[in-house]
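Notebook open. I wanted to look up internal voids first, then greasy surface.

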Amino acid sequence: MITYYVNNKGFEVSDHWVEGCWTCVTEPNDDENGFLVNGLDIPESFLSDIDDKEERPRKEEEDGWQLIVIRVPFRCNESHIDYNTVPLGIIIKDNVFVTVCNNKVEMVDDFVVYSIRKQLDVVNPYELVMRLMLSSSVWFLKYLKHINNRIMNIEGRLQQNVRNEEILELQRLENSLVYFVTSLKGNDILFYRMAHTKTISNLCDEELLEDVEIELKQAEETTSIYRNIIHSMSNSYSSVISNNINQTMKTLTSISLILMLPTLIASLYGMNVPNYWENEKYAFLYILGGASFLGLLMYIFFKRRNLF
């Protein structure tokens, strides 16, 4: 899908392409890719790079075109992960500004609404690049808040009952944080290189660059903290599960030993051989009482040894 935005103290939707507009491309099909390559003369190699889900944040130039790739977060419904990141390609040349993303992300629509509410007047393409990086960092923090709420919810459930479902859910969140911290480090390195380029630093407001740096660092540090929390929780509850298994095995072993002596006595007197009590009227009661007494003694012994 292609959406055209014009800057009029906030980005407003236009029904056609105009010079200097922001061409926002999301989940492009073959026709839309054809328009980018043939209509705007964008290098096809740029689109191939953006199509790679593992593409790292970087900046590249080719025939006067510039490609800037940043990683942005999004929700996903995969079985092993709940949140992931995807490359957002920013392509610039003269009065052409194009963003291409092969996944639907909440960040873009939210940024457009924010620009209208704040009446942002973006004066050059590099300022828009920095504002998109800032918006990306903000959305990392938003998803991190959701992850933190889920961690607290899972912890409450684990305190009541340690189950595999909660452990697996923690594992999925930890996988998401691994992708987050890797993407944020890449974005941070890219931002540092761009911010220390004279052309970009002169065109962008110093306060904006400072805001981007602060949000990136905060998102990166928060991700590391939550990742450490999940890792610590996983280790703790794994130890609890192992301890419960050991306690169960110890109890079962103690019960087996307690039942061993009464079973041995019953087996001996149940054999079809002379045992000197075959004519005794109350032999069964004697054997039953003796076996029960020995079982009780063993129970008291194990109880005092804290083996139950």
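For naming elements I take helices (H or I, at least four residues) and strands (E, at least two) as DSSP runs, numbered from the N terminus. This is a predicted model, so I note that local features need pLDDT of at least 70, side-chain atom pairs count only at pLDDT 80 or more, and totals for chains, interfaces and linings use all residues. Residues are numbered from 1 along each chain as its sequence is written, and side-chain values use heavy atoms, with hydrogens and water left out.

Entry one, cavities. I searched a 1 Å grid over the protein atoms alone for sets of points where a 1.4 Å probe fits but cannot get out; lining residues have an atom within 4 Å of a point. I got 1 cavity of 30 Å³ or more, and the largest has a volume of about 30 Å³, counted as the space filled by probe spheres on points joined across faces, edges and corners.

Who lines the largest cavity? I listed Ile 70, Arg 71, Met 133, Ser 136, Ser 137, Phe 140, Leu 184, Asn 187 and Leu 216. Strand E5 (65–78), helix H4 (125–160) and helix H5 (164–195) each give at least two lining residues, with H4 supplying the largest share, 4 residues.

Entry two, surface. I found a nonpolar patch of about 1300 Å²; patch residues have over 30% relative accessible area (Shrake-Rupley, 1.4 Å probe) and no salt bridge (Lys or Arg side-chain nitrogen within 4 Å of an Asp or Glu carboxyl oxygen), with nonpolar side chains joined within 5 Å. Its members include Leu 264, Trp 277 and Leu 285. Helix H7 (206–269) and helix H8 (283–304) each supply at least two patch residues; H8 gives the most, 4 residues, and Leu 285 sits in H8.

Technical notes
On a 1 Å grid over the protein atoms alone, a cavity is a set of points where a 1.4 Å probe fits but cannot get out, and a pocket is an open set with protein on both sides within 12 Å along at least five of seven lines; lining residues have an atom within 4 Å of a point. Patches are made of residues with over 30% relative accessible area and no salt bridge: like charges are joined within 9 Å, nonpolar side chains (Val, Leu, Ile, Met, Phe, Trp, Tyr) within 5 Å.
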